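Colleague: I should like to go through this structure with you and ask how its terms are justified. Where shall we begin?

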Amino acid sequence: MESSIQDATILLGHWSVFGAFVLAGWAAIAGALGGAARSFAMTKSAERAVLAATGFTLLAAACLVRGFLSDDFRLDYVYLYSSTSQALPYKIAALWGGQAGSLLLWVALLAVMASIMVLTNRRHNRALMPWAVAVVATTMAFFLLLLNVVEPPFRMGPMRPDGVGLNPQLKNYWMMIHPPTLYVGYVGFTIPFAFGIAALITRRTGDLWFRTTRRWTLCAWTFLGTGILLGSYWAYIELGWGGYWAWDPVENASLMPWLTGTAFLHSVMIQERKGMLKVWNALLVILTFCLSIFGTFLTRSGIISSVHSFATSNIGPFFVTFLFLAFFGSLVLLILRLGDLRSEARLESILSREASFLFNNMIFVGIAGTVLLLTTFPILSELFTGRKVTMGPPIFNMVNVPWALVLLLLAGVGPLVAWRKASTVNLKRNFAGPVLIGTWVLLLLLFRDVRGYLSAVGKTFAAMGQLDLALALERVQAFYPPLTFAIGAFVTATVVSEFWRGTRIRMRHHDESGAIALGRLVSRNKRRYGGYIVHLAMVTIFFGIAGSSAYRHESVHSLVPGEILEVGPYWMRYDQLRLVAEEDHIGAIVEASLFDAKDGTVLAKLAPEQRLHPNLQFEELRSAFVEARRLGQEGSPEYQRSVVGLFGLIRSLESRAQREVKTPSTEVAIHASWSLMHPARLAEDFYVIPVGIDPDTGQASFRVFINPMVNLIWFGGLLFVAGSILGVLPDARERNRLAGALALEDRAIA
């Protein structure tokens, strides 16, 4: 009975993917025909096809999930990314652990968003909707084509007793959260892009298209930014480098559309208020969508070596073709519509909010372009010269950090500069206090190490005298931390002054208390003050990056149980080695205690772990593993000895496994441990990684990090989420403006 249900599920999933492709293809054609002929019937047909394609796509995803839950290892995808011992959450997360499942998740998310788009615009945007549906459906059809032709998720093989399982580095609870969050961000930018293209096609290039999609853009941008932060935290606790950002190609792939999306969110405010930058906004939404597709391609193609590349395939030519058509097709359309995108006003002064936003946009796009060039440079180098060049973090930092500091500075300048043209009186009144605070912080930090900074100045000028620009830029990096803290203090002062000024005005004019005035001020200007909170979040994140990069301590020590190590203001005592055999791995847990070196106060108990995931397809490994598990469950004194034997057996099988099996028998995942300190050290992190363990003697090698202020990055992430959510929440004034614009559009069509 179960076998027949599994057969029916596989068949249903296979034909659901095909049916979704047919329906999406029809929706794209019918949408374009409905828009061109202004046919209400064709448009309705396209919208219904999108809804039907959504149903089929979700059905296919459900069938694949059932394959994981029922351990149907006839499915190649289930075999490669699951196993009988894999925990239930990871069986579900295995849906996006490889190529086909990730593509299915991508198109399922897009289908749901497309359906929401259709249902929320049933009575509005009738001129734009046919083309918006056509664009979204075309994107759906592309991904469904890949799932039908290149990466079918329901491809079958022989019946196998067990599967290979997820890569050990993916067996982390963040696997359930980070990839879907990131994908929602990638996918969400398709809707603003679709409306932008629809506006260009129909020549309705006013502000209706981005007003309609503002919350779509904000949601996509929020999810993408949150996904980046979650990925940074996952890397920090999982990959064993003690860091959160390595300029890895897949990390860069998520950063680029977030940068251009940020530029777009700032830029549309100028078009909304002044009718300027229409061409720029259209270009930004095109870039953001294309970079989102490029990010998906880079993540899943394996074309560039990355610690995040867990799947490879031959989808490259398909993605390149789609990207080429999407980008250059959109660019040609934009050029043809330049006459409809004339600005209604001009930039009147460099000292204006419009100019500040324009500079801000140029830097965002400049950084995104630089990251794109440096990320793809190895491919370009190999293509044109035959040599593959690696671009490491130093070159990324050297090029991008100075511009990032300029961006941080503009985050404080923009809110305080008046529209059109700022007067001298306005500048003095608004900037005197924040500039004094920033200057005071800079001088204070410089005077803490006068000799060191004077030496850095001398070395910088010496490098410039030798005309060695790269060396000069490297020397000047010594000034980045104090500059970061000074600029951050300036931005914080400007944001606080904006909250204070608005609250004080409400208190005076409405006779409200401070708390009530602040609450009503924020609730009636959610987008504005949500943006200010995001600015504070970025300051906090920059503080965490600067502090943990400039003042970080790292060392490696070999200890035996009972030995005490002194590291900076801490003592660490290595207590014991504990070996465990869990459901799908064996682990070596090194337990340690952390003390304050001044008074001996216990600050934390640490338990970093090194896990080995054996390939249980070897019968001798399977029986030894089952026996160790049995002894552990019974509490036998022979348990530790059996686990030590397992370590030795895995090592003896390792070379054979690499020859005979797709994945080696020994796969290591390091789970490092960290703990928040007492309030005086709240932002500091003591981080321990076991890099070498002798299970026979208990001797272990530890890599120890002291990362000052690193936790500010995660606190800043929480602030970012809070500010972003505030900006997305319904706003009565925004709703009324959109309703008015839609009413005008509906009357024009009628």
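Modeller: Let us begin with a cavity, bearing in mind that the model is predicted. The second largest cavity is lined by Gly196, Ala199, Leu200, Thr205, Trp209, Gln271, Lys278, Ala282, Val285 and Leu341.

Colleague: What makes these residues part of the lining of the second largest cavity?

Modeller: A lining residue must have an atom within 4 Å of a point of the cavity, and the ten names just given, including Trp209 and Lys278, are those that line it. Helix 8 (190-202) and helix 12 (278-301) each supply at least two residues of this lining. By kind, the lining divides into 6 nonpolar, 3 polar and 1 charged.

Colleague: How much space lies in the second largest cavity, and how many cavities of 30 Å³ or more are there?

Modeller: The second largest cavity holds about 60 Å³ of space. With 30 Å³ as the lower limit, the count comes to 2 cavities.

Colleague: Why is the pair of Trp106 and Phe143 called stacked?

Modeller: Two rings pair if their centres lie within 6.5 Å, and planes under 30 degrees apart count as stacked. The ring centres of Trp106 and Phe143 are 4.1 Å apart and the planes are at 15 degrees, so the pair is stacked. Trp106 lies in helix 5 (residues 99-120) and Phe143 in helix 6, so the pair ties together parts that are 37 residues apart in sequence.

Colleague: How do you know whether Trp106 is buried or exposed?

Modeller: Buried means under 20% relative accessible area. Trp106 has 0% relative accessibility and therefore counts as buried; Phe143, also at 0%, counts as buried.

Colleague: What makes the pair of Tyr574 and Phe702 edge-to-face?

Modeller: Planes over 60 degrees apart count as edge-to-face. For Tyr574 and Phe702 the angle between the planes is 75 degrees, with 5.1 Å centre to centre, and the pair is edge-to-face. Tyr574 is in strand 3 (residues 570-581) and Phe702 in strand 10 (residues 700-707), 128 residues apart.

Colleague: Why is Gln6 counted as buried?

Modeller: The cut-off for buried is under 20%, and Gln6 has 12% relative accessibility, so Gln6 counts as buried. Gln6 is placed in helix 1 (residues 2-37). Leaving aside neighbours within four places in sequence, Gln6 is in contact with Arg66, Ser70, Asp72 and Arg74.

Colleague: Which residues have the most contacts inside the largest nonpolar core?

Modeller: They are Met117, Met140 and Phe319, in a core of 137 residues. Helix 6 (residues 129-149) gives the largest share of this core, 14 residues.

Terms used:
Residues are numbered from 1 along each chain as its sequence is written. This is a predicted model: local features need pLDDT of at least 70, side-chain atom pairs count only at pLDDT 80 or more; totals for chains, interfaces and linings use all residues. Side-chain values use heavy atoms; hydrogens and water are left out. Helices (H or I, at least four residues) and strands (E, at least two) are DSSP runs, numbered from the N terminus. Buried means under 20% relative accessible area, exposed over 50%, partly exposed in between (1.4 Å probe, protein chains only). Contact means heavy atoms within 4.5 Å. A nonpolar core is a set of buried Ala, Val, Leu, Ile, Met, Phe, Trp, Tyr and Cys residues joined through side-chain atoms within 4.5 Å. On a 1 Å grid over the protein atoms alone, a cavity is a set of points where a 1.4 Å probe fits but cannot get out, and a pocket is an open set with protein on both sides within 12 Å along at least five of seven lines; lining residues have an atom within 4 Å of a point. Grid points are joined across faces, edges and corners, and a volume is the space filled by probe spheres set on the points. Ala, Val, Leu, Ile, Met, Phe, Trp, Tyr, Cys and Pro count as nonpolar, Asp, Glu, Lys and Arg as charged, and the others, Gly among them, as polar. Rings of Phe, Tyr and Trp (its six-membered ring) pair if their centres lie within 6.5 Å; planes under 30 degrees apart count as stacked, over 60 as edge-to-face and the rest as tilted.
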